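Dear colleague,

Please find the structure below, together with a summary of what was found in it. I would be grateful if you would read the notes alongside the coordinates.

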Amino acid sequence: MGFAIGGSVKLLCGLPHTTQTQSQANCSNSMALLLPPSAAVGRFSSTVSSLRPRKLNNTFATLSQTRSEEANWVEATSSFFDQDKRPIMLFDGVCNLCNGGVKFVRDNDRNKTIRYEPLQSEAGKMLLRRSGRAPDDISSVVLVENDRSYIKSEAVLKIMEYIDFPFPQLAFLVQFVPLFIRDFAYDNVANNRYTIFGRSESCEI
């Protein structure tokens, strides 16, 4: 089931997105949070006191978004799950490997338990924010459920759990491989996906 966001939209795999040509966005556009230095109060005598600022180096923390912003995006995208509780698979719409992966999942999902949306679409960007990621981060497949999201190898395993036999059983076995090893393998493929598999000018799904 589809729904509208803003003005005129059309439906794709059960979700809205703009009709403009899809284009690849830059990865990991994060924001910096500046933590101001604190001040210490010192008393020189019983009659004279003054404030002496403590000198601290500025500390920068790189964040995709704050917890409050993430909570706001959960609320803003709640309509995506009001009428349809199925999870949403976010994928790189111009990646040949990713498009092939979506076709494979669809062919092995007889019960149609998963919806699909390109990362580059407006709906995809909103769901990225809901998942605590930058809206232009297309470095990983993301599986968005009503109550949580999965990325990288965890997203792949979760998708396998939803589709037909024998993939849920394979996911059960692969989960015993340490996460850092699974994500290392995932990142190596993802970082070279255009070089190895090529790319399309627009989403083929």
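**Surroundings of helix H4**

The buried residues of H4 pack against several elements: strand S7 (88-91), H2, strand S9 (142-144), strand S10 (149-151), H5 and helix H6 (179-191). Please note that this is a predicted model. The residues of H4 that are buried are Ser153, Ala155, Leu157, Lys158, Ile159 and Met160.

**Packing of H4 and H5**

Helix H4 covers residues 152-162, and its axis lies 7 Å from that of H5, the two helices packing at an angle of about 145°. Their crossing is left-handed. On the H4 side, the contact is made by Leu157, Met160 and Glu161. H5 contributes Phe167, Pro168, Leu170, Ala171 and Val174. Sorted by class, the residues in this contact of H4 with H5 are seven nonpolar, no polar and one charged. Leu157 and Met160 thus appear both among the buried residues of H4 and in the contact with H5.

**Aromatic pairs**

How many aromatic pairs does the structure hold? There are two. Phe104 and Phe167 form an edge-to-face pair, with 5.4 Å from centre to centre and 85° between the planes. This pair links distant parts of the chain, as Phe104 belongs to helix H2 (residues 96-107) and Phe167 to helix H5 (residues 167-174), 63 residues apart.

Are the two partners buried or exposed? Phe104 has a relative accessible area of 41% and is therefore partly exposed. Phe167, at 17%, is buried, because buried means under 20% relative accessible area. Phe167 also takes part in the contact between H4 and H5.

The other pair consists of Phe172 and Phe176, whose ring centres are 5.4 Å apart. Their planes stand at 90°, so this pair is edge-to-face. Phe172 counts as partly exposed, with 48% relative accessibility, whereas Phe176, at 59%, counts as exposed.

**Arginines over Tyr194**

Which residues lie over the face of Tyr194? Arg193 does so at 4.7 Å from the ring centre. Arg199 also lies over the face of Tyr194, at 5.1 Å from the ring centre.

When viewing the model, you may wish to begin with Phe167, which is buried, pairs with Phe104 and belongs to the contact of H5 with H4.

With kind regards

Note on methods:
Residues are numbered from 1 along each chain as its sequence is written. This is a predicted model: local features need pLDDT of at least 70, side-chain atom pairs count only at pLDDT 80 or more; totals for chains, interfaces and linings use all residues. Side-chain values use heavy atoms; hydrogens and water are left out. Rings of Phe, Tyr and Trp (its six-membered ring) pair if their centres lie within 6.5 Å; planes under 30 degrees apart count as stacked, over 60 as edge-to-face and the rest as tilted. Helices (H or I, at least four residues) and strands (E, at least two) are DSSP runs, numbered from the N terminus. Buried means under 20% relative accessible area, exposed over 50%, partly exposed in between (1.4 Å probe, protein chains only). A charge sits over a ring if NZ of Lys or CZ of Arg is within 6 Å of the ring centre and within 35 degrees of the ring normal. Axes are lines fitted to C-alpha atoms, for helices over the stretch in contact, and angles run from 0 to 180 degrees between N-to-C directions. A crossing is left-handed if the near helix is turned anticlockwise from the far one by less than a right angle, and right-handed if clockwise. Contact means heavy atoms within 4.5 Å. Ala, Val, Leu, Ile, Met, Phe, Trp, Tyr, Cys and Pro count as nonpolar, Asp, Glu, Lys and Arg as charged, and the others, Gly among them, as polar.
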